[in-house]
Amino acid sequence: MDRESINRMFTRRRLQRLAGLLSLALVAGCHTDMWIQPKAKPLQQSDFFADGAASRPPVANTVAQGQLRTDDHLYTGIVAKKYVDEFPFAIAKQDIERGQDRFNIYCSPCHGALGDGKGMIAQRGLALRAQPATYHTERLRKMPVGYFFDVITHGHGAMFSYAQRVDPDDRWKIVSYIRALQLSQHSALEDLTAEEQGQIDEKPVGIGIAAAAGDTHAGTNGAAAGGHTEGGSKH
Ligand code: HEC
């Protein structure tokens, strides 16, 4: 076959026709009943039910599996109309660490890593209707743990609820970490045992970090500052 006859075979019109035929075959291959299935999607309209909605309300006086929440202490932080001042389960070190992890994700953007209300959002973000609270006030230090649980669950003033994002167990763990933060900013030397006092570095934590940051020999001094910070967090 010479070059010219090949060219003739593949004229533009022929190619177009071929493409058209191919796409027809594709369309015919799809059965619409595959993608329009007789099923109800959430919040869709329905002619089947009298109220015209596809989604069904829960059956009266029933509770979905795993959603029975009879323990007021655990799920509300309020017992006999009072905020509880005890955690509903024993708090171990891992729980505080989990609380720290959740706190850093959900709360620190506004309240700051220290809980002093100086998170990035407060400093540079949206113009907030109210400043995020600092947890280091006399009032909040005295608030029972149930209060903090309730604030996370329902929000407070300009702060919205975190109930959808943080489940009750994690809310308590965050509260345990808030308590740790409060202690970290408000403890006296006398609160420590003699042994713990002996472990305290003479140089204040803040100064150690500032010196390392301003120092050009960051290598060695940076490591030293790290040591100071660690010592500090143990207090
Ligand atoms: C989007 C910013 C934002 C985030 C994120 C946020 N908060 Fe707040 N929070 C606020 C603001 C603003 C206030 C002050 C509200 C007011 O006074 O109207 C506040 C107040 C509080 C208060 C003080 C209530 C009081 O009695 O003064 C607590 C406690 C608190 N938040 C805990 C939390 C915890 C715990 C989280 C994380 C689960 C969190 N917040 C996440 C903005 C935020």
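This report looks at the surroundings of a ligand and at one pair of packed helices.

## About the model

The structure is a predicted model, in which local features need pLDDT of at least 70 and side-chain atom pairs count only at pLDDT 80 or more, while totals for chains, interfaces and linings use all residues. Residues are numbered from 1 along each chain as its sequence is written.

## Around the ligand

Let's start with the ligand, which has 20 residues around it (a residue is near if its C-beta atom, placed from the backbone, lies within 6 Å). Cys 107, Cys 110, Ala 133, Gly 157 and Met 159 come nearest. Helices H6 (108-111) and H9 (145-154) each give the shell at least two residues; helices are DSSP runs (H or I) of at least four residues, numbered from the N terminus.

What kinds of residues form this shell? There are 17 nonpolar, 3 polar and no charged residues (Ala, Val, Leu, Ile, Met, Phe, Trp, Tyr, Cys and Pro count as nonpolar, Asp, Glu, Lys and Arg as charged, and the others, Gly among them, as polar).

## Where H5 meets H10

Helix H5 (residues 93-106) packs against helix H10 (residues 168-184) at an angle of about 95 degrees, with axes 7 Å apart (axes are lines fitted to C-alpha atoms over the stretch in contact, and angles run from 0 to 180 degrees between N-to-C directions). The two helices are therefore roughly perpendicular, a label for angles of 65 to 115 degrees. The residues of this contact (C-beta atoms, placed from the backbone, within 7 Å) divide into 5 nonpolar, 3 polar and 5 charged.

How values were computed:
Parallel < 35°, antiparallel > 145°, perpendicular 65-115°, else oblique.
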